[in-house]
Amino acid sequence: MSTETIAPTTQRVPKPKWLRVKLPTGKKYTALRGLVDKYDLHTICTSGSCPNMGECWTEGTATFMILGNVCTRSCGFCGVKTGRPEDVDWDEPEKVARSIKLMEIKHAVVTSVDRDDIKDMGSIIWAETVKAIRRMNPETTLETLIPDFQGNTRNIDRIIAVKPEVVSHNMETVKRLTREVRIQAKYERSLEVLRYLKDQGIERTKSGIMLGLGETEEEVLQTMKDLRGVGLDIITIGQYLQPSKKHLPVKEFITPEQFKKYETIGLEMGFRHVESGALVRSSYKAQKHLT
C-alpha cells in the first residue's frame, strides 16, 4: 500500500468490478424516498452519496442526519456541503421521530453535520431528538453517530444521559493522514471521545475508518489497536470513494482479500463486531451490532 502524501492528481484509478452498485429501485425504496422528501428530512444516505442506499432503503432502513445538511467543517473526503448552516430547526426532533414511526423502523441510526457555529455544538438538539424518538417509538433501538463536539465533555454528557444502545464516532483515517483528510479534527481527540464514552458506561461504542487514501497496512493495524485500547466494541472498515473531483483522490482500491484480513485480525484483537468490505459504511447492517 502506498505511503506517499495525498496530493491532487488528474489521474484516476479505475474502479474494480467488486465496487459495482445497483441503482436503488423498488416499491419500498420509492415509499421511503417519498417520506424523506415530504417531511424535508436530511439523510446521510443521500447527502453522503452512500453506495448502500438502494440496499438499505429497500430493506426499510435509513440513517437520519439532523442539524441541517450544511457542515461547518470542510473534510476532504465528505460529500456533505460545507459553509454557513441555517438556524437550528427545533421541530426537527419531532419530524425525525414521526418519520421513524411512519417507516416502522426497529433500529434507527442518527447522525449529524458538525455545528461548531453554535455554543452547544448541536448537543441539545441531539438529546431532544433521541428523547422524541423514544417517546414516539418506545420499541425502537438507537445508534447515535456523533461528531467530536470539540472534545467538550459537557456536550458529550448530553448524549450519554439519553442512553442510546450504540454510540459511534468515526476516526475516518489513520493518524498520519488525519490533518489532510479531517482538516478541523484531531486523531487523539477522537480517541479521547471514544474513551470517555466507554468510561462513562456506554455499553457499545463504535467507530469507522476508510481505506484507499494512501495509508499503509501497518498504519491501519495501529489505528485498530488504538481503538481497542480505548475499549471500542465495534469497528467498520470500508473503501473511500471520491464524491467529486474537488475531493481527495482515491489512491488505491483495497481488495476483498485485504478487507477480509482486517476482519480476521480485528476479531482476534477482541472487537465484538468487525464490518470490513469495500462497500461497508459506518451504519451498514447496524442492527447486527446490538448483539
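**Exercise 1. Find the handedness of the crossing of helix 4 and helix 5, then describe the contact.**

Step 1. The crossing is right-handed; that is, the near helix is turned clockwise from the far one by less than a right angle, whereas anticlockwise would be left-handed. This is a predicted model, in which local features need pLDDT of at least 70 and side-chain atom pairs count only at pLDDT 80 or more, while totals for chains, interfaces and linings use all residues. Residues are numbered from 1 along each chain as its sequence is written, and side-chain values use heavy atoms, with hydrogens and water left out.

Step 2. Now the geometry. Helix 4 spans residues 92–103 and helix 5 residues 123–136; their axes come within 8 Å and cross at roughly 35°. Axes here are lines fitted to C-alpha atoms over the stretch in contact, with angles from 0 to 180 degrees between N-to-C directions. Helices are DSSP runs of H or I with at least four residues, strands are runs of E with at least two, and both are numbered from the N terminus.

Step 3. List the partners. Helix 4 contributes residues including Val96, Ala97 and Ile100, and helix 5 residues including Ile125, Ala132 and Met136. Contact means heavy atoms within 4.5 Å.

Step 4. Sort them. The contact has eight nonpolar, one polar and six charged residues. Nonpolar covers Ala, Val, Leu, Ile, Met, Phe, Trp, Tyr, Cys and Pro; charged covers Asp, Glu, Lys and Arg; the others, Gly among them, are polar.

**Exercise 2. Work out which parts of the chain the salt bridge of Lys175 and Glu188 ties together.**

Step 1. The side chains of Lys175 and Glu188 meet at 3.3 Å, N to O. A salt bridge needs a side-chain nitrogen of Lys or Arg within 4 Å of a carboxyl oxygen of Asp or Glu.

Step 2. Lys175 sits in the loop between strand 7 (166–168) and helix 7 (178–181), and Glu188 in helix 8 (residues 187–199), so the bridge joins parts 13 residues apart in sequence.

Step 3. Try Arg176 and Glu219, whose side chains form a salt bridge at 2.6 Å, N to O. This pair links distant parts of the chain, 43 residues apart: Arg176 is in the loop between strand 7 and helix 7, and Glu219 is in helix 9 (residues 217–229).

Step 4. Check accessibility. Arg176 is partly exposed at 34%, whereas Glu219 is buried at 18%. Buried means under 20% relative accessible area, exposed over 50% and partly exposed in between, with a 1.4 Å probe and protein chains only.

Step 5. For contrast, take Arg195 and Glu192, bridged at 3.2 Å, N to O. They are three residues apart in helix 8, so about one helical turn separates them.

Step 6. Widen the view. The structure holds 19 salt bridges, and Arg73, Asp114, Asp116, Asp148 and Arg189 are linked in a network of them.

**Exercise 3. Identify the residues that Pro243 touches, not counting residues up to four places away in sequence.**

Step 1. Pro243 lies in the loop between strand 9 (234–239) and helix 10 (256–269), and is partly exposed at 34% relative accessibility.

Step 2. The residues touched are Phe77, Cys78 and Gly79.

Step 3. The C-alpha atoms of Pro243 and Cys78 are separated by 7.0 Å, although the two are 165 residues apart along the chain.
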